[in-house]
Amino acid sequence: MPYHEFQCSKCIPERKQHAVIKGKGETLTDALPLGYLNTIPGSISERGCAYCGAKHVIGTPMKDVIHLSHGPIGCTYDTWQTKRYISDNDNFQIKYTFATDMKEKHIVFGAEKQLKQSIMEAFKACPHIKRMSIYQTCASALIGDDIEAVAQEVMDEMPDVDIFVCNSPGFGGPSQSGGHHKINIAWLNQKVGTVEPEIKSDYVINYVGEYNIQGDQEVMIDFFNRMGVQVLATFTGNGRYDDLRAMHRAHLNVLECARSAEYICNELRKRYGTPRLDIDGFGFEPMAVSLKKIGLFFGIEDRAQAIIDEETARWQPELDWYKARLLGKKVCLWPGGSKLWHWAHVIHEEMGVDVVSVYTKFGHQGDMEKGISRCEEGALAFDDPNELEGLEAMETLKPDIIFTGKRPGEVAKKIRVPYLNAHAYHNGPWKGWEGWVRFARDVYNAIYSPIHKLALLDISKDEIPTDKGFETQRMLSDADLSDEIKNSTTLREYTGKYNCLKDLRKKTYAPFERRELADAV
Amino acid sequence: MPCEVTPKERLGCINPIFTCQPCGAQFASIGIKECIGIVHGGQGCVMFVRLLISQHFKESFELASSSVHEDGAVFGACTRVEEAVDVLLMRYPDVKVVPIISTCSTEVIGDDIDGVVTKLNAGLLPEKYPGREVHLIPIHTPSFVGSMITGYDLAVKSFVSHFAEKTEPNGKINLITGWVNPGDVTHLKHLLAEMDIDATVLFEIESFDSPLMPSGNHVSHGDTTIDDLRGTANAMGTIALNRYEGAKAAQYLENEFGVPAIIGPTPIGIRNTDTFLHNLKTMTGKPIPESLVRERGIAIDALTDLVHMFLADKRVGIYGAPDLVIGLAEYCLDLEMRPKLLLLGDDNASYVNDPRVQALEKNVDYDMEIVTNADLWEMGDRIQNRGLELDLILGHSKGRFIAIDNNIPMLRVGFPTYDRAGLYRNPVVGYAGAIWLAEQMANTLFADMEYKHNKEWVLNVW
């Protein structure tokens, strides 16, 4: 597994150790790219800052909370309405954002008064919201405002409100990851254990590291409900502030994104003895294994198995319809932190695509370890990607599609590589069995878009095909497909609805009998 | 008093209208050819601005960060700039212009970016890059001063003052457009062409709407050259269309090189476009040709179809960039509409002295509020809690939920407009802009009448 040197980065030799090609028969011990190190200035890296890691990634998905940033206006504005973490309370956390709007005089004289006034005003403007999260920024960190003291003062004056403070300035660490860590620990230190929950089931979990992108959390909660498992709190997507204060009472922490939220799980284990169970909502097999693990933990495997059987029967024919048509397509799997290993293996197994490259913007070496072990031989793996390296990789590898962020997706577009939004999704949710089929459909639609084929034609040089007035995705995807697959009566395209959450939100669940109650009878 | 100008009473901000200064400087810098800006601060200051710009244009633009981490924040981060410049120049051999854009963090810690530039000009550039034309331009844009609007204004002036060089008169005018869209630049250049006027346009951003080529060209970038900027000192005059986005540069050229400046008015609507053409005529001596009389006629004809029957008395709320908001308000009045609430989203103290604002105060005969240092809550609160009734909202995408949640039709105008397709392709300035705005406002109202079954049958016999 030799290090890979990008042509464009020969002049910054320290980059060489950030990229490897997974060679035949080699193991991770042969080479592992460096990770989570300071960014090289001027390299046009794709990383964000620790403020955004705390506020934007983890804090803001909490739905019944005023999210107030203490600093100049830009941090707030820039991280507002750029993600798809929805909620079932009409998306308050997406619609409203709050800032203290720090100005020059505050830099000189301090901004604590401004902060206090802003807090009061925010609560006044939103009388139905009694919870607040305050985020430090570079500017307020540097001038040294004591945000906790101000928050405490307000809480003393307004007993019905509760305020959480997260000190994670933008410069705190090489990437957004520093902010994930800080907010995990801050929440645990300040808030966990301050509310006692009502326990309604024998099986009680926290669902951690899940941000309800396009409704992922709601899909997963449906499975937990069907198993009779009570979810005390989701950290943090679609999560309620007070529920998250009661995390200490769960029997198990079920961890989805280990990159952004393992810290709180590990600390909960240490402080409260709550075990951590890592699960994975992406893909049929990982879904099945995840539910089985939870079932096994609580001794309710049958409940898990019932869901697995039902969902697999419902959706397998649809996933396989896409798999047959995606076989051997080359994918650059270029997400932020953890999806490289969440997806690398399972998209190969279940969608038939080959992962020719993985990268991680803010992942650590551990993420890379898992990602490399799960991607195909010959794949290029690199850490802290920058603009030129991404381009060079796409030009060399010629992928059929890349999964990445919105803006890098625009770069790919220009070199005619279709992209799917790995952070916010195209047509999510992508978790759960149905979600995974939706993902496969998005991949299929992107790869077989007639527009991408038209984009390759140079009308000044190439022979212009004049025999067709249109092409469908099907005409492109099925051209070389066997009759057996083409005429299959079992396989079928996705049959779900555009918005699969609508019905989910109306769903009710029959209660399971409690063990203690049953014993008592 | 029917029209009142008041600052927002609250200290904090709920749903900001603007982002901070470095964004404005970044937006200006992508308009220049062979230019990649380095933002000196945390990485989010660049990453999110790039995202914002790409949300609006559905394109990616190159901007770099000095990636200040803890050690820099504590011990000073000037060496990060030095390294950033070197890395950028090594890897982007075509880059000639590198603005060094400061942020709140690096202004607070007091990094001397001017000193860094001096040092690099004396050391790194001649030693490592002899013979290569490189311009390092410090731009001070602390985020705690002004807004993206003042950042843009400052940056345009910084670029112009760095390059402008008096040699021979070039027979051109300088046209400083302000923060506009490619569609605006295309139409402005069309007006100039019709007038037979040669102009340096700051900035040449038509290419922001860039093609997806069979050759796989991947760069979306502005086209203003170093020579264009140098030549600004040799123009016969400067017209800055906007008072708050680019006027500083026009003023600089007048003071420094005696290039006469005309500031404004923002050519939104028929009347302001007339004034713009008048200014062009005055500055160059070129007559207004018949073709523009005809173009204007087409616009007037289109507006006449709409005004009395559909637009008259419609109550409008407008927010966004100050010149845009004021220009739209003026135009709405000409269309018989009633702007009720104008939000100007930063604490610029000179808004009250703007003659256009003063004219509104003097002449508007119904209740109109102009709020300075405003946030979007000023509009949401008035609608939800204080009885403000609006028939139409004009503004950028960040305020979309005011419209959605209050069932008020909204036309997306300004920056950013990411929740509608392709708006950057259409002009809002000039006669073409007047047509586009009026017709889009009408169509937006029409669609709303249909959704709400509110006299939708009216359109049967129009």
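A salt bridge is a side-chain nitrogen of Lys or Arg within 4 Å of a carboxyl oxygen of Asp or Glu. Keep that in mind for a group in chain A: Arg131(A), Asp162(A), Lys191(A), Asp242(A) and Arg245(A) are linked in a network of salt bridges. One thing to know before going on: what you have in front of you is a predicted model.

## Salt bridges, pair by pair

Side chains of opposite charge can pair when their charged atoms come close. Over all chains, the count here comes to 79 salt bridges. Here are four of them to look up in the structure.

| Pair | Closest N to O distance |
|---|---|
| Glu59(B) and Lys414(A) | 2.4 Å |
| Lys497(A) and Asp503(A) | 2.8 Å |
| Asp391(B) and Arg315(B) | 3.0 Å |
| Lys103(A) and Asp347(B) | 4.0 Å |

Let's start with the last row, where Lys103(A) and Asp347(B) meet in a salt bridge. What does this pair join? Lys103(A) sits in the loop between strand S3 (98–99) and helix H4 (104–109) of chain A, while Asp347(B) sits in the loop between strand S12 (338–344) and helix H15 (355–363) of chain B, so the pair joins two chains. Is Lys103(A) buried or exposed? Its relative accessibility is 12%, so Lys103(A) counts as buried, the cut-off for buried being under 20%. Asp347(B), with a relative accessible area of 37%, is partly exposed.

The pair of Lys497(A) and Asp503(A) is held within chain A. Lys497(A) has a relative accessible area of 51%, so it is exposed, because exposed means over 50%. Asp503(A) comes out at 40% and is partly exposed.

Next come Asp391(B) and Arg315(B), which form a salt bridge inside chain B. Asp391(B) is in the loop between H16 and strand S14 (392–395) of chain B, and Arg315(B) is in strand S11 (residues 315–320) of chain B, so the pair ties together parts that are 76 residues apart in sequence. Arg315(B) is partly exposed, with a relative accessible area of 27%.

## Where the two chains meet

The size of an interface is often given as the accessible area lost when the parts come together. Between chain A and chain B, the buried area is about 6200 Å², and carbon and sulfur atoms give 61% of that. Chain A brings 74 residues to the contact and chain B brings 76 residues.

Which three residues supply more than any other three of the area that chain A buries against chain B? They are Pro41(A), Tyr77(A) and Lys414(A), with 14% of that area. You have already met Lys414(A) in the table, as the partner of Glu59(B).

How many salt bridges are there between chain A and chain B? The count is 4. There are also 33 residue pairs in polar contact across this interface, with both residues at pLDDT 80 or more. On the side of chain A that touches chain B, helix H17 (residues 406–414) of chain A gives the most, with 6 residues. Sorted by class, that side has 32 nonpolar, 23 polar and 19 charged residues.

## Inside the chains

Now for the nonpolar cores. The largest one has 137 residues, and those with the most contacts inside it are Phe159(B), Phe203(B) and Leu394(B). Helix H18 (residues 430–451) of chain B provides the largest share of this core, 11 residues. A second, separate core has 111 residues, among them Val219(A), Ile300(A), Ile307(A) and Trp315(A).

What surrounds Phe203(B)? Leaving aside neighbours within four places in sequence, its contacts include Ala28(B), Ile32(B), Tyr152(B), Phe159(B) and Val185(B).

Val185(B) is also in contact with Val180(B), as are Phe27(B) and Ile205(B). Val180(B) lies in the loop between strand S7 (173–176) and helix H9 (182–194) of chain B. At 11% relative accessibility, Val180(B) counts as buried.

Helix H16 (residues 377–385) of chain B is mostly covered, with 7 of its 9 residues buried. Among those buried are Trp377(B), Glu378(B), Asp381(B) and Arg382(B). H16(B) is followed by Gly387(B), which has a positive phi, near 75 degrees.

Over in chain A, Arg15(A) is found in the segment before strand S1 (19–21). Arg15(A) is buried, with a relative accessible area of 5%. Beyond its neighbours within four places in sequence, Arg15(A) has contacts including Ser9(A), Phe382(A), Asp384(A) and Glu389(A).

How values were computed:
Residues are numbered from 1 along each chain as its sequence is written. Chains are lettered from A and ligands numbered from 1 in the order in which they are written. This is a predicted model: local features need pLDDT of at least 70, side-chain atom pairs count only at pLDDT 80 or more; totals for chains, interfaces and linings use all residues. Side-chain values use heavy atoms; hydrogens and water are left out. A nonpolar core is a set of buried Ala, Val, Leu, Ile, Met, Phe, Trp, Tyr and Cys residues joined through side-chain atoms within 4.5 Å. Buried means under 20% relative accessible area, exposed over 50%, partly exposed in between (1.4 Å probe, protein chains only). Helices (H or I, at least four residues) and strands (E, at least two) are DSSP runs, numbered from the N terminus. Contact means heavy atoms within 4.5 Å. Buried area is the accessible area (1.4 Å probe) that two parts lose on being put together, summed over both. A polar contact is a pair of N or O atoms within 3.5 Å; within protein, one must be able to donate a hydrogen and the other to accept it, and residues adjacent in sequence count only if both atoms are side-chain atoms. Ala, Val, Leu, Ile, Met, Phe, Trp, Tyr, Cys and Pro count as nonpolar, Asp, Glu, Lys and Arg as charged, and the others, Gly among them, as polar.
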